[in-house]
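Colleague: Please take me through one loop position in this model, slowly. Then show me what lies around it, in its own chain and beyond.

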Number of protein chains: 2
Amino acid sequence: MLDDRKLEVLRAIVEDFVSTNEPVGSKSLAERHALGVSPATVRNDMAALEDEGFITHPHTSAGRIPTDKGYRLFVDRLSSVKPLSPAERRAIESFLTGAVDLDDVVRRSVRLLAQLTRQVAVVQYPSLSRSAVRHLEIVHLAPNRLLLVTIMDTGRVEQRVLELPAVLSDDEVAQLRQAFGARLHGAKLIDVPAALADLPDAAPPAIRPVLTSVMTVVLETLVDQPEERVAIAGTANLTRSALDFPNTLRPVLEALEEQVVLLKLIGEVNDPTTVHVKIGEENSVEGLRSTSVVTVGYGPEAGTYGGLGVVGPTRMDYAASIGSVRAVARYVGELLAGA
Amino acid sequence: MLDDRKLEVLRAIVEDFVSTNEPVGSKSLAERHALGVSPATVRNDMAALEDEGFITHPHTSAGRIPTDKGYRLFVDRLSSVKPLSPAERRAIESFLTGAVDLDDVVRRSVRLLAQLTRQVAVVQYPSLSRSAVRHLEIVHLAPNRLLLVTIMDTGRVEQRVLELPAVLSDDEVAQLRQAFGARLHGAKLIDVPAALADLPDAAPPAIRPVLTSVMTVVLETLVDQPEERVAIAGTANLTRSALDFPNTLRPVLEALEEQVVLLKLIGEVNDPTTVHVKIGEENSVEGLRSTSVVTVGYGPEAGTYGGLGVVGPTRMDYAASIGSVRAVARYVGELLAGA
DNA sequence: ACTTGGCACTCGGTTGCGACGAGTGCCAGG
DNA sequence: CCTGGCACTCGTCGCAACCGAGTGCCAAGT
């Protein structure tokens, strides 16, 4: 059905179209690539590819452009990941070293990724639910007011102010601090509920009511409604080729402003260790049906912290994007694991 | 030179152009507004206005559009701030109540402002340098590693990890905590250097070296390089009228991605208590010469915390934008002051 | 059976041209 | 100082012709 040459033709079409953004015809294609056959043969192959739904015409007498299905085949079978140039590797290293805290790491990576791929880049902050508690600090802001600060092993810090129904003494706060500190230190978030389960019973009765309300907030902040965050950069790249999003720029920008949408993009991968590519209509997000999304997980043991990726036109350089996304994920993962 | 009727004509031109986005001609203008004079008279006035540089033609036989200078005059003398509708007031209140922490307040306000004005909204996080320290917490992460957490009265929290050359005991950390806590509590950031000046001398010699290095980091984080942050929302609104930014969308998006640029926008006001409007070429930022920027400071006593504003086409509804910006600033200021 | 050259056909893009009309500038008269 | 009239400008629209890249198909060649 699809012999090697037809695949080669498809690859050539994709490559030409990606670089020129113009429908590619049989003649120019036969010239530019050393296919060893005449344009007429290429035409026959093209007709076959079109029957199979891998390419299409914008109109009768125009060249071919790949369909989503065509890109899919290209990505899966015809392209190999483009290794980064030494210059790019250097760029990554110099960009990421010198970051002072987690915020800085994330902001730098997202800009870096946008710059490398010349697409819109998205980086998720290390997910709370997959990290471990390094420290829980309870600050006695006012007699009836506590600030809870949780520091995770990824460097992420969450804080929450808590109004108490009753007034607390510093001693009691110290007791609280001690009670929580001992149980939470080093606990994976998943184990937090279990670690805290017997806490009310074990505590001195005096502070029990306060303790439970603090516990509620802790569980809420860390387990029930863990706040996921993402950073984004490079939206200006969407305008690079005006042809890519003729009148569809609007919904894309709108989609990219929704944190929820971005998290969905990055989160809905089954296997976080490999790079995932969603092409055009494959995207579950309405406004991004005209784009492709390349994502991967990152973290010390692959994908445990969060995800990152790029969003661009379906007409993107997949090989390069996949390479960059993977490389940045690797560096960021190492960086955060080592911190 | 510019009698009342000419000003009225200018106002009419601005209003028509803002709502239709089409060059406005003498005839339609005379009809749509009850000017009480004939188109010919309007033409004469237009010619005068053009001589003065308030309006211009795109080409010889087209209607007039306002110049930056025309908008300037309009904003300064011809428009009154549009009061918010009750529905809008309700929207503001319901949007902002229920915010759980500072991050939440900022994120909600920026979205709110974008929604109200249908422009790009920018909100600066309360500036460190203008707030006071509520609490400084020193966490002993590891024998040679400290985490400094500073909580400001605006609810803003800054953290910084600090590697120590030597190993510290918990006792020593407690001493540090005590030494800093006493002096910093309630200090305005501006007074922090003075408050800490005599600290090394007063401290027990044993912890003196560590103390100075902690002091350095504190000063650096809070005073020397206070990190300013901004939130942005509504970039999709830039695409609302494709005509506004024919091929200039790119530089606008690029400018809006630069934190530095945004801070400059919001920060370079002399008097933070009143609403400022920068129109087109008045903008010092290169990429935003095709936009107008409406900004104001917010805070308990006007402008002490930070700034916020909107960015949109020069062809924007200034009266409404100014009103919304001012209203949101007021609410946010109150909210943060009360927290 | 596959490849190839030839050939008629399609159709979008470009160019040229004329009509149209919104809008202007100017002037003479009220 | 306002007004109506009038000639002029110029961008837009519609139309027709043309060009050319590209296609599909077929018959001949290997």
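Modeller: Start with Asp244(B), which is partly exposed: 19 other C-beta atoms lie within 10 Å. A residue counts as buried only with 20 or more such atoms and as exposed with 12 or fewer, so Asp244(B) falls in between. Keep in mind that this is a predicted model.

Now its place in the chain. Asp244(B) sits in the loop that joins strand S7 (230–233) to H11 of chain B. Setting aside residues up to four places away in sequence, Asp244(B) touches Pro313(B) and Arg315(B). Thr216(B) makes a useful contrast. Just 28 residues separate Thr216(B) from Asp244(B) in sequence, yet their C-alpha atoms are 49 Å apart.

Follow the loop into H11 and you reach the partner chain. Helix H11 (249–257) of chain B supplies at least two residues of the side that touches chain A. Strand S4 (133–142), strand S5 (145–152) and strand S6 (157–163) of chain B each do so too. In total, 22 residues of chain B are in contact with 22 residues of chain A. By class, the chain B side has 11 nonpolar, 4 polar and 7 charged residues.

How are the two chains related? A rotation of 180° with 0.0 Å of shift along its axis lays chain B on chain A, with an RMSD of 0.1 Å. That is the relation of a two-fold axis. The contact surface fits this picture: 100% of the interface residues of chain B are also interface residues in chain A, so the copies meet through the same surface.

Two other loop positions in chain B deserve a look, this time for their backbone. Most residues other than glycine have a negative phi. Asn21(B) has a positive phi, near 60°, and is not a glycine. Asn21(B) lies in the loop between helix H1 (4–20) and helix H2 (26–32) of chain B. With 13 other C-beta atoms within 10 Å, Asn21(B) is partly exposed. Arg118(B) is not a glycine either, and its phi is positive at about 55°. Its loop runs between helix H6 (102–117) and strand S3 (120–124) of chain B. Arg118(B) is partly exposed as well, with 18 other C-beta atoms within 10 Å.

Cross over to chain A for a helix. Helix H7 (residues 170–184) of chain A has 15 residues and spans 21 Å from first C-alpha to last, close to the 21 Å expected. Its buried residues are Leu176(A), Ala179(A), Phe180(A), Arg183(A) and Leu184(A). They cover an arc of only 110° around the axis, which puts them on the same side of H7(A). The face turned away from that side carries exposed residues: Asp170(A), Asp171(A), Ala174(A), Gln178(A) and Ala182(A). The cover over the buried residues includes strand S4 (133–142) and helix H10 (208–224) of chain A. After H7(A) comes Gly186(A), with a positive phi near 80°.

Finish at the DNA. Strand D is surrounded by 20 residues, the closest being Gly25(A), Ser26(A), Val37(B), Thr60(B) and Ser61(B). Helix H2 (26–32) and helix H3 (39–51) of chain A, together with helix H3 (39–51) of chain B, each give two or more residues to this surface. H3(A) has the largest share, 4 residues. The surface near DNA strand D divides into 6 nonpolar, 11 polar and 3 charged residues.

Definitions and conventions:
Residues numbered from 1 in each chain as written. Chains lettered and ligands numbered in written order. Predicted model: local features only at pLDDT ≥ 70, side-chain atom pairs only at ≥ 80, totals over all residues. Least-squares fit on C-alpha atoms with pLDDT ≥ 70 in both. Contact = placed C-beta atoms within 7 Å. Near = placed C-beta within 6 Å. Nonpolar A, V, L, I, M, F, W, Y, C, P; charged D, E, K, R; others polar. Expected span 1.5 Å × (residues − 1). Arc of directions from axis to C-beta.
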